[in-house]
Amino acid sequence: MKYLAGKSLAQLENLCKQLYETTDTTTRLQAEKALVEFTNSPDCLSKCQLLLERGSSSYSQLLAATCLTKLVSRTNNPLPLEQRIDIRNYVLNYLATRPKLATFVTQALIQLYARITKLGWFDCQKDDYVFRNAITDVTRFLQDSVEYCIIGVTILSQLTNEINQVSATAFLIEADTTHPLTKHRKIASSFRDSSLFDIFTLSCNLLKQASGKNLNLNDESQHGLLMQLLKLTHNCLNFDFIGTSTDESSDDLCTVQIPTSWRSAFLDSSTLQLFFDLYHSIPPSFSPLVLSCLVQIASVRRSLFNNAERAKFLSHLVDGVKRILENPQSLSDPNNYHEFCRLLARLKSNYQLGELVKVENYPEVIRLIANFTVTSLQHWEFAPNSVHYLLSLWQRLAASVPYVKATEPHMLETYTPEVTKAYITSRLESVHIILRDGLEDPLEDTGLVQQQLDQLSTIGRCEYEKTCALLVQLFDQSAQSYQELLQSASASPMDIAVQEGRLTWLVYIIGAVIGGRVSFASTDEQDAMDGELVCRVLQLMNLTDSRLAQAGNEKLELAMLSFFEQFRKIYIGDQVQKSSKLYRRLSEVLGLNDETMVLSVFIGKISVRKLVKLSAVQFMLNNHTSEHFSFLGINNQSNLTDMRCRTTFYTALGRLLMVDLGEDEDQYEQFMLPLTAAFEAVAQMFSTNTFNEQEAKLAIYRYPSYMPILQRAIELWYHDPACTTPVLKLMAELVHNRSQRLQFDVSSPNGILLFRETSKMITMYGNRILTLGEVPKDQVYALKLKGISICFSMLKAALSGSYVNFGVFRLYGDDALDNALQTFIKLLLSIPHSDLLDYPKLSQSYYSLLEVLTQDHMNFIASLEPHVIMYILSSISEGLTALDTMVCTGCCSCLDHIVTYLFKQLSRSTKKRTTPLNQESDRFLHIMQQHPEMIQQMLSTVLNIIIFEDCRNQWSMSRPLLGLILLNEKYFSDLRNSIVNSQPPEKQQAMHLCFENLMEGIERNLLTKNRDRFTQNLSAFRREVNDSMKNSTYGVNSNDMMS
């Protein structure tokens, strides 16, 4: 250490050169080791200053800046306040006197300034918060040349980004704090309230000045200034205003929670106009950032405006969109195109159809959007990931059609069929090109296909007659061509493959539109149309089944199974009318008179009992080894990513085994022999610590068994989903009390022991996966979110399995339950809200788990930190408006449990009792009283859905609504008066009476009898309100309820 401390500047510079320039690995590693020791040396601070003052190379300056950042960030033995102030002032002066530094050095020094400022945000010197003068600090830069101005803007941009980030500094803020995230939120909130709006205003003013000077973008410095100003503005708009997003890489939250103090900026139309003008006046390379800013501006919370202000704001927004669509040249750039698609999606996610149709240019705009969508769908190979946003827009528009109250025409009956036709025909036309050119087949990405089909199911049901006619025409053409090719001896395999590909798409799409029936009130005529489509698919199935022995098409078979599932959900069950015209048509064409006969066709397709008797299947059950099935082996050619077939293989074998197994333990032991041998081999590898990593992974993938082995596998290969996914899935299946199969004797500890192992697994995986670092957006689900989703499902299954008494853990000081729950919170906070709703499996597992936690572990929820509680409440608020009914219903249940808990605790706190409220309950009440707006917003949301939207789960919505009203009686009264007063004078009395009837006979409690009465009143209320609003101009003001 002394040797390093005494190193000369020349030696340090030489080490920097070796680190950054040498191609020799050994030399680079030695240099890195020496510089790490230098960072930890006592005189590092003084040497860093010397390197900055006298260093001859940019690399030595970079080393100095990096080392200083580490020094100011350390939690043990932190630098004194005076020293940190000196470093801050030195950095500012250094940047001001050396404008020609290398870009990476400037960036490192600005990062150092931002880090010092954040970590010292609450530090005082003589009653002065010495690190809160960022705007003053950069004023001298902004008043100088363009080069200095760029530095000043970059400082503000980096500071805003640094304070908004959780991961980088949350755990550096305080050495001994147990709640670093809380401290982070305090800093972020203080920065938001004291500085952020001034920075945003400054950025917009500088952009106005720059755009007014006719920027010479051939000048590299002016080019750089504009880029940094746009980044700064985007960072301001992308700020986590209320602490609900912990992933700064995500910008897809549907609502930007702009503070009320910012109202003036958004009421001023010149703010919005500035960005549309910039889009048209600057080169396409800048436009994505401009559009990203517009996406955020379009997403500002509705309650920032009153009705008239919102209508005016929306009008300016739509005018800007119209101008872009009329001049679409820049949209040929994929980044511009993607951001513009996101902007279009926000038009419906943040505004209602009733508001859009009242915009002056709506007819022309909806025509332009439709043409843009059709063109985009026809060019299916261009920016395929952006199509999601366009389909999302049309899905939301189509879903709103039955409920729009405005008298102005929405014209969707004209344009949704065009969108539907463009999607269907473009997918069919792509088949030949993909096969001819050997391109990647979209059908391989089943997740993406399913997502698009879910969206199309709603779009296609709007003007369903046209959709059905198109599908019948296209299906008949392809089916006839396919049959002719099969009968022809000279047919080429390519032609057959093309027709099979087209039919695969059509079967998927037919299944989707039949599944979309749930979104609309269906008619007998539409059921008859479904019958026409179903007949064709079943006739095709008969044809393909007859060819399975010679040649089958896997993708077409998977499409059939998808079709079966959609048909089953809609047309099989007690709620289906047996006289449905669909069954009449099936009877006429195929002789299938009812659902039982249709089910027999499905079962005939996938019958297990028939399969298990086949000699080939019996051979597989008794000989599932690599000797007979090479893909089960371990060799140098084995590829983990290609081995998902093993899971499928053993899933199928397991089901076949159980068909006739009964109590035959010998047969079971015989079946398990190859697996047991594989497990023993893995155990041996781990015990000797001399194992081939690839072999061990493959073996565990095939046989994830005894717990210590599973834990070790998760610990070693947490980053590899090919290994962790089957392990986690096995554990999730093991703890799932399916059909009450986990029933232990009264004296058995097995339930508790099983949960302990579950907790270890969740905790191990959770803590390890959180060290993964930043993951590319296109890989985040596969590498991170999928495993987290399985952990959520696992924990939910264990908590709701009814085989563990969870009270014993705290009673006996066992931390298994607490570890599992705390890991859940850590994992949850690593996921942005947008991902919770964007990935269906993740959202279903999360909301199902949250429902169990709010029902049985509400004391744990109440004990959480304020920012965590706000995150959870915000996720529930977002989920209430989700298109997935299962998610929406789960959110209602969660909200009901939380509101009931709040109401009970509040009632107890107002009564004289000998036992005071426990600490958790008291804190939770305090948090809710500090943030009443969240509960009030959910009251508005629920009431809005019940009155104005397709409320398919009215009973579920009614349960939390009574509690919300009782907790917010004054707010509900104001809301009611606002709604009544917004009605035409002749309808106000009727609306007032509706609300009176809603609360008639309702007592101030949440007893079951009182809830049931309220649910009955609510049904009558919804009918009366809808009758009252018919032919009314109420649609404009009703939208303000979302405020």
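**Exercise 1. Place K322 and describe its surroundings.**

Solution. Step 1: K322 belongs to helix α15; helices here are DSSP runs of H or I with at least four residues, strands are runs of E with at least two, and both are numbered from the N terminus. Step 2: K322 has a relative accessibility of 17%, so K322 counts as buried. The cut-offs are under 20% relative accessible area for buried, over 50% for exposed, and partly exposed in between, with a 1.4 Å probe and protein chains only. Step 3: apart from neighbours within four places in sequence, K322 is in contact with N361, E364, V365 and L368, where contact means heavy atoms within 4.5 Å.

The model is predicted: local features need pLDDT of at least 70, side-chain atom pairs count only at pLDDT 80 or more, and totals for chains, interfaces and linings use all residues. Residues are numbered from 1 along each chain as its sequence is written, and side-chain values use heavy atoms, with hydrogens and water left out.

**Exercise 2. Find how α13 and α15 pack against each other.**

Solution. Step 1: a general point is that two packed helices are described by the angle between their axes and the distance between the axes. Axes are lines fitted to C-alpha atoms, for helices over the stretch in contact, and angles run from 0 to 180 degrees between N-to-C directions. Step 2: for α13 (residues 269-281) and α15 the angle is about 5 degrees, and the axes are 10 Å apart. Step 3: α13 is therefore roughly parallel to α15. Angles under 35 degrees count as roughly parallel, over 145 as roughly antiparallel, 65 to 115 as roughly perpendicular, and the rest as oblique. Step 4: on the α13 side the contact includes S269, L272, Q273 and F276; on the α15 side, F313, H316, L317 and G320 are among the residues that make it.

**Exercise 3. Describe helix α16: its span, its cover and its partners.**

Solution. Step 1: α16 covers residues 334-349, which is 16 residues. From first C-alpha to last it reaches 23 Å, close to the 22 Å expected at 1.5 Å a residue; the expected span is 1.5 Å times one less than the number of residues. Step 2: at the start of α16, a side-chain oxygen of D333 comes to within 3.1 Å of the backbone nitrogen of N335. Step 3: 12 of the 16 residues of α16 are buried, so the helix is mostly covered. Among the buried ones are Y337, F340, C341, L344 and L347. Step 4: the buried residues of α16 pack against α14 (287-298), α15 (307-326), α17 (353-356), α18 (362-378) and α19 (387-400). Step 5: take α14 from that list. The axes of α14 and α16 come within 9 Å and cross at roughly 10 degrees, which means that the two helices are roughly parallel to each other. The contact involves P288, L291 and V295 of α14, among others, and residues of α16 including E339, F340 and L343.

**Exercise 4. Which residues of α25 are buried?**

Solution. Step 1: α25 (residues 554-571) has 18 residues and reaches 26 Å from its first C-alpha to its last, close to the 26 Å expected at 1.5 Å a residue. Step 2: the buried residues are L556, E557, A559, M560, S562, F563, F564, Q566, F567, I570 and Y571.

**Exercise 5. Examine the positive phi values of M411 and S802.**

Solution. Step 1: as a general rule, most residues other than glycine have a negative phi. Step 2: M411 has a phi near 65 degrees, a positive value in a residue other than glycine. M411 sits in the loop between α19 and α20 (412-437). Step 3: S802, also not a glycine, has a positive phi of about 60 degrees. The loop between α36 (780-799) and α37 (807-811) holds S802. Step 4: S802 counts as exposed because its relative accessibility is 69%.

**Exercise 6. Locate D594 and N133, two loop residues.**

Solution. Step 1: D594 lies between α26 (581-590) and α27 (595-606). At 33% relative accessibility, D594 counts as partly exposed. Step 2: S580 is 14 residues from D594 in sequence, and their C-alpha atoms are 9.3 Å apart. Step 3: N133 lies in the loop between β2 (128-129) and α8 (134-142). N133 is partly exposed, with a relative accessible area of 31%. Step 4: N133 and T117 are 16 residues apart along the chain, with 9.2 Å between their C-alpha atoms.

**Exercise 7. How many helices and strands does the protein chain have?**

Solution. Step 1: the protein chain has 50 helices and 2 strands. Step 2: of its 1043 residues, 53% count as buried.

Key: Polar contact = N/O pair within 3.5 Å; in protein donor to acceptor, adjacent residues only side chain to side chain.
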